[in-house]
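Got the viewer open? Let's take a short walk through this one, selecting as we go.

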Amino acid sequence: MKGRFLVLAAALALVGYAAPARADPCEGGLPSQVGVQFSGIVRYVGDGDGLCVGRTTDPNEWIEIRLADFDAPELHAPGGAAAKAALERLVLQREVRCISERA
């Protein structure tokens, strides 16, 4: 009986466990200086004001971009999904030029 209880307790613990959500797949770093210009293809849109830019299809080279002076609703807030969809329509798979504001 004790063995069954331990199995049941372990199963219930796993049901209540929330796996960490994977953030955007951008793994590359920002340029090390402010004012550096770079370009690439928008490979991923995370929400209405964040995206990944990369020259290749390798996420290890993608740079996370947060749009300056722009605040869209968070993805799970009212209007968040629509904001993400609008940004995807505008920029996904298109080339963009960026200037780093923070190092």
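Start by selecting Val45. Skip the neighbours within four places in sequence, and Val45 is in contact with Gly50, Leu51, Lys84, Leu87, Glu88, Val91 and Leu92. Keep in mind that you're looking at a predicted model.

Next, widen the selection to the largest nonpolar core, which has 11 residues: Phe38, Val42, Val45, Leu51, Val53, Ile63, Ile65, Leu87, Val91, Val96 and Cys98. Colour by element and you'll see β1 (37-47), β2 (50-54), β3 (63-66), α2 (80-91) and β4 (95-99) each giving two or more residues to this core. Which element gives the largest share? That's β1, with three residues.

Now click on β4. Its covered face holds Val96 and Cys98, while Glu95, Arg97 and Ile99 make up the uncovered one. Bring β1 back into view: β1 and β4 pair in the antiparallel sense, over five bridges. To find your place in that pairing, pick Gly40, which stands opposite Val96 in β4.

Last stop: Asp49, in the loop between β1 and β2. Is Asp49 buried or exposed? Its relative accessibility is 6%, so Asp49 counts as buried. Show what surrounds it: beyond four places in sequence, Asp49 is in contact with Ile65, Arg66, Leu67, Phe70, Asp71, Ala72 and Leu87. Zoom in on Ala72, where the Asp49 side chain reaches the backbone nitrogen at 3.2 Å. Then draw a C-alpha to C-alpha distance from Asp49 to Leu87: they are 38 residues apart along the chain, with 7.5 Å between those atoms. Leu87 should look familiar, as it also appeared among the contacts of Val45.

Technical notes: Residues are numbered from 1 along each chain as its sequence is written. This is a predicted model: local features need pLDDT of at least 70, side-chain atom pairs count only at pLDDT 80 or more; totals for chains, interfaces and linings use all residues. Side-chain values use heavy atoms; hydrogens and water are left out. A nonpolar core is a set of buried Ala, Val, Leu, Ile, Met, Phe, Trp, Tyr and Cys residues joined through side-chain atoms within 4.5 Å. Buried means under 20% relative accessible area, exposed over 50%, partly exposed in between (1.4 Å probe, protein chains only). Helices (H or I, at least four residues) and strands (E, at least two) are DSSP runs, numbered from the N terminus. Contact means heavy atoms within 4.5 Å. Two strands pair if DSSP finds at least two bridges between them. A polar contact is a pair of N or O atoms within 3.5 Å; within protein, one must be able to donate a hydrogen and the other to accept it, and residues adjacent in sequence count only if both atoms are side-chain atoms.
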